[in-house]
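Reader: I have a chain in front of me and would like to work through it in questions. Please show it first.

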Amino acid sequence: MTNFNVRTSGAGRSSTTPRLAIAIMRILLHSHFPAGHAYPMQAVAQALGSHGHDVVWLTSAGNEARVRATGAAFVPTRALASLDKPLMRRDATGLFEPPGTQLRGRLAAQVADYRAVLADFRADVLLVDVFPHGARALYEMGEIPVYATLGVIPLYASTAASPMP
């Protein structure tokens with residue numbers, strides 16, 4: 001379906017620009033607590049909101065101002081917050097923890113936090129950044145129709161001492 005919007009452009013001229021009709025979507029965003037993960041998601045939230053989509057953003061309490069600046073609804077993590085608190089105290093992200101440590105409890109915490117939001121907000125899509133395991137689990141259990149990941153880290157390495165290319 002094509003919509004036509006009439007716009008006025010300079011000197012009283014008007015132009016007809018073909019536009020695709022876009023369905024309004026309900027989108028749940030989730031970003032990891034560090035600000036470096038929130039910044040890319042902030043741009044996404046702002047763009048989605050500017051197109052009229054209904055956006056809810058689940059992230060740490062420390063990112064509330066960033067979320068609200070986009071117009072998205074803010075929901076603080078709860079189960080994930082308890083896992084992230086020790087990382088925040090050490091100024092760590094969890095990405096370079098010993099193998100298996102970073103996932104211990106995180107899958108269940110993500111699922112719990114996502115379900116808490118989804119109980120009142122039936123999202124059409126879940127967009128996550130790092131650690132997408134909870135989104136994948138909900139998708140595989142049929143609880144969400146689709147999920148996507150936003151790559152915020154250009155290079156993943158198994159340890160901080162991994163050789164660089």
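Reader: Which helices each supply at least two residues of the lining of the largest cavity?
Author: This is a predicted model, and the cavity is taken from its atoms. Among the residues lining the largest cavity are Asp84 and Arg106. Aspartate 84 lies in H3 and arginine 106 in H4. The helices that each give at least two residues to the lining are H3 and H4.

Reader: How do the residues of the lining of the largest cavity divide into nonpolar, polar and charged?
Author: The lining includes Phe33, Leu80, Ser31, Gln110, Asp84 and Arg106. Phe and Leu count as nonpolar, Asp and Arg as charged, and residues such as Ser and Gln as polar. Over the whole lining, the division is two nonpolar, six polar and two charged.

Reader: How much space lies in the largest cavity?
Author: The structure holds one cavity of 30 Å³ or more. The space in the largest cavity is about 40 Å³.

Reader: Is threonine 77 buried or exposed?
Author: Thr77 is among the residues lining the largest cavity, and it is found in the loop between strand E5 (73-76) and H3. Leaving aside neighbours within four places in sequence, threonine 77 is in contact with His30, Leu58, Thr59, Ser60 and Asp113. Its relative accessibility is 8%. Buried means under 20%, so threonine 77 counts as buried.

Reader: Which residue meets aspartate 84 in a salt bridge?
Author: The N to O distance in this salt bridge is 2.7 Å. Aspartate 84 lies in helix H3 (residues 79-89) and its partner in helix H4 (residues 106-118), so the pair ties together parts that are 22 residues apart in sequence. Aspartate 84, at 4% relative accessibility, counts as buried, and the partner counts as buried at 6%. That partner is arginine 106.

Reader: How many salt bridges does the structure hold?
Author: The pair of aspartate 84 and arginine 106 is one salt bridge, and the pair of arginine 115 and glutamate 143 is another. The count for the structure is five.

Reader: What is the N to O distance in the salt bridge of arginine 115 and glutamate 143?
Author: Arginine 115 lies in helix H4 and glutamate 143 in the loop between helix H5 (133-140) and strand E7 (147-149), so the pair ties together parts 28 residues apart in sequence. Arginine 115 counts as partly exposed at 38% relative accessibility, and glutamate 143 counts as partly exposed at 26%. The side chains meet at 2.5 Å, N to O.

Reader: Which residue forms a salt bridge with arginine 26?
Author: The closest N and O atoms of this pair are 3.2 Å apart. The pair links distant parts of the chain, with arginine 26 in strand E3 (residues 26-30) and the partner in strand E4 (residues 54-59). Arginine 26 counts as partly exposed at 29% relative accessibility, as does the partner at 33%. The partner is aspartate 54.

Reader: Which residues does phenylalanine 121 touch, not counting residues up to four places away in sequence?
Author: Phe121 is one of the residues with the most contacts inside the largest nonpolar core. Both Arg26 and Asp54 of the salt bridge are on its list of contacts. The full list is Arg26, Ile27, Leu28, Asp54 and Val56.

Reader: Which element gives the most to the largest nonpolar core?
Author: In soluble globular proteins, nonpolar side chains tend to be buried together. The largest nonpolar core here has 15 residues. E4, H4, strand E6 (125-128) and H5 each supply at least two of them. The element that gives the most, with four residues, is H4.

Reader: Is tryptophan 57 buried or exposed?
Author: Tryptophan 57 is found in strand E4, and its C-alpha is 8.3 Å from that of isoleucine 27, which is 30 residues away in sequence. Its relative accessibility is 0%. Buried means under 20%, so tryptophan 57 counts as buried.

Reader: How many helices and strands are there in the chain?
Author: Read along the sequence, the pattern is β-β-β-α-β-α-β-α-α-β-α-β. Each α in this pattern stands for a helix and each β for a strand. The chain has five helices and seven strands.

Key:
Residues numbered from 1 in each chain as written. Predicted model: local features only at pLDDT ≥ 70, side-chain atom pairs only at ≥ 80, totals over all residues. Heavy atoms only, no water. Salt bridge = Lys/Arg side-chain N within 4 Å of Asp/Glu carboxyl O. Buried < 20%, exposed > 50% of the residue type's maximum accessible area, 1.4 Å probe, protein only. Core = buried A, V, L, I, M, F, W, Y, C linked by side-chain atoms within 4.5 Å. Contact = heavy atoms within 4.5 Å. 1 Å grid on protein atoms, 1.4 Å probe; cavity = no way out; pocket = protein on both sides within 12 Å on 5 of 7 lines; lining within 4 Å. Points joined across faces, edges and corners; volume = space filled by probe spheres on them.
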